[in-house]
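Trainee: I have a model open and would like to talk it through before I go back to the bench. Could we take it piece by piece?

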Amino acid sequence: MNMPPIPKVHLRALEPEDLELLYEMENDLDLWTVGNQNTPYSRYTLANYIQTNTNDFFADRQARMVIALEDGTAVGLADAFSYQPEYGRAEVGIAVLSRYRRKGYALQALQALTDMARRHWHLHQLYALVLTHNSAAVDLFQKAGFSASATLKDWFCYGQKYQDAHLMQFFL
């Protein structure tokens with residue numbers, strides 16, 4: 001049985017028309033457990049972020065990009081943040097809307113982000129903090145060439161429960 005090819009994704013800058021995507025993702029309670037967010041964002045705050053974002057990785061010490069399909073459909077967000085120029089590293093995060101998950105888009109986006117970090121930002125390494133029990137995310141980062149170099153005990157706290165995280169690294 002021939003499977004249809006997975007559409008290729010590309011990373012692009014945030015545009016004003018991405019406000020609803022950003023609002024949906026930033027306020028998705030399920031995604032709060034894979035990041036550092038703990039309060040909702042208003043459309044006003046997010047619109048202001050889109051408007052004032054310079055898209056300069058070095059000045060902002062971060063880059064937030066839309067994961068888009070070939071036809072322009074936005075399916076998620078890819079982030080490089082906590083850039084530390086003195087160490088040549090940045091943390092990365094990938095989030096895909098639930099209706100587009102398990103289609104290979106996150107892996108393609110992570111590979112594109114890794115390529116950008118190597119070719120354009122000249123970083124030495126990327127890293128991610130991934131909950132140890134989030135097997136889908138651990139698998140994703142491993143498929144992209146990241147390796148778990150440490151387990152951080154009680155690193156995140158959600159509600160009243162502390163959870164371990166893997167420090168996953170990729171050397172460029």
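Trainee: What do the buried residues of α6 pack against?

Mentor: Bearing in mind that this is a predicted model, the buried residues of α6 pack against four elements, namely β4 (89–96), α5 (105–119), β5 (125–131) and β7 (161–171).

Trainee: And which residues of α6 are the buried ones?

Mentor: Helix α6 covers residues 135–143, and its buried residues are A137, V138, L140 and F141. Looking down the axis of α6, you find these buried residues within an arc of 160°, so they line one face of the helix.

Trainee: Let me stay with F141 for a moment. Which residues does F141 contact, leaving aside its neighbours within four places in sequence?

Mentor: With those neighbours set aside, F141 is in contact with V92, L110, A128, V130, F146 and M168. F141 sits in helix α6, and with a relative accessible area of 6% it falls under the 20% cut-off for a buried residue.

Trainee: How far is F141 from F58, C-alpha to C-alpha?

Mentor: Their C-alpha atoms are separated by 24 Å, and the two residues are 83 residues apart along the chain.

Trainee: V92 was on that contact list. Is V92 buried or exposed?

Mentor: V92 is buried, with a relative accessible area of 4%, and it lies in strand β4. Not counting residues up to four places away in sequence, V92 touches D79, A80, F81, L110, L113, L126, Y127, A128, F141 and F146. Taking one of those partners, V92 and L126 are 34 residues apart in sequence, while their C-alpha atoms are 6.6 Å apart in space.

Trainee: Changing topic, how many helices and strands does the chain have?

Mentor: The chain has six helices and seven strands, and along the sequence they follow the pattern β-α-α-α-α-β-β-β-α-β-α-β-β. The radius of gyration is 16 Å, close to the 16 Å that the globule rule gives for 172 residues, so the chain is as compact as a globular protein of that length. Taken along the principal axes, the C-alpha atoms fill a box of roughly 45 × 40 × 35 Å.

Trainee: How much of the chain counts as buried?

Mentor: Of the 172 residues, 42% count as buried. As for the surface, the chain exposes about 10000 Å², and carbon and sulfur atoms supply 50% of that area.

Trainee: What share of the contacts joins residues at least 24 apart?

Mentor: If you take the contacts between residues at least 6 apart in sequence, 59% of them join residues at least 24 apart.

Trainee: And the charges, how many positive and negative side chains are there?

Mentor: There are 15 positive and 19 negative side chains, and the centres of the two sets lie 6 Å apart.

Trainee: Back to the helices, then. Which residues of α1 are buried?

Mentor: In helix α1, residues 19–26, the buried ones are L19, L21, L22, M25 and E26. They cover an arc of only 165° around the axis, which puts them on the same side of α1.

Trainee: I also noticed Y49. Where is Y49, and what does Y49 contact?

Mentor: Y49 is in helix α3, where it is partly exposed, with a relative accessible area of 25%. Leaving aside neighbours within four places in sequence, Y49 is in contact with L14, L22, Q62 and R64. One of those partners, L22, is among the buried residues of α1.

Trainee: Last topic, the backbone. Which phi value does N55 have?

Mentor: N55 has a positive phi of about 60° although it is not a glycine. That deserves a look, because most residues other than glycine have a negative phi. N55 is placed in the loop between α3 (43–52) and α4 (57–60), and it is partly exposed, with a relative accessible area of 46%.

Trainee: What about the phi of D154?

Mentor: D154 is not a glycine either, and its phi is positive, near 50°. D154 is placed in strand β6, residues 147–158, and it is partly exposed, with a relative accessible area of 47%.

Trainee: Which phi does G145 take, just after α6?

Mentor: G145 takes a positive phi of about 100° there.

How values were computed:
Residues numbered from 1 in each chain as written. Predicted model: local features only at pLDDT ≥ 70, side-chain atom pairs only at ≥ 80, totals over all residues. Heavy atoms only, no water. Helix = DSSP H or I, 4+ residues; strand = E, 2+ residues; numbered from the N terminus. Rg over C-alpha atoms; globule rule 2.2 N^0.38 Å. Buried < 20%, exposed > 50% of the residue type's maximum accessible area, 1.4 Å probe, protein only. Contact = heavy atoms within 4.5 Å. Areas by Shrake-Rupley, 256 points an atom, 1.4 Å probe, with all protein chains shown as cover. Lys, Arg positive; Asp, Glu negative; His and termini not counted. Charge placed at Lys NZ, Arg CZ, Asp CG, Glu CD. Arc of directions from axis to C-beta.
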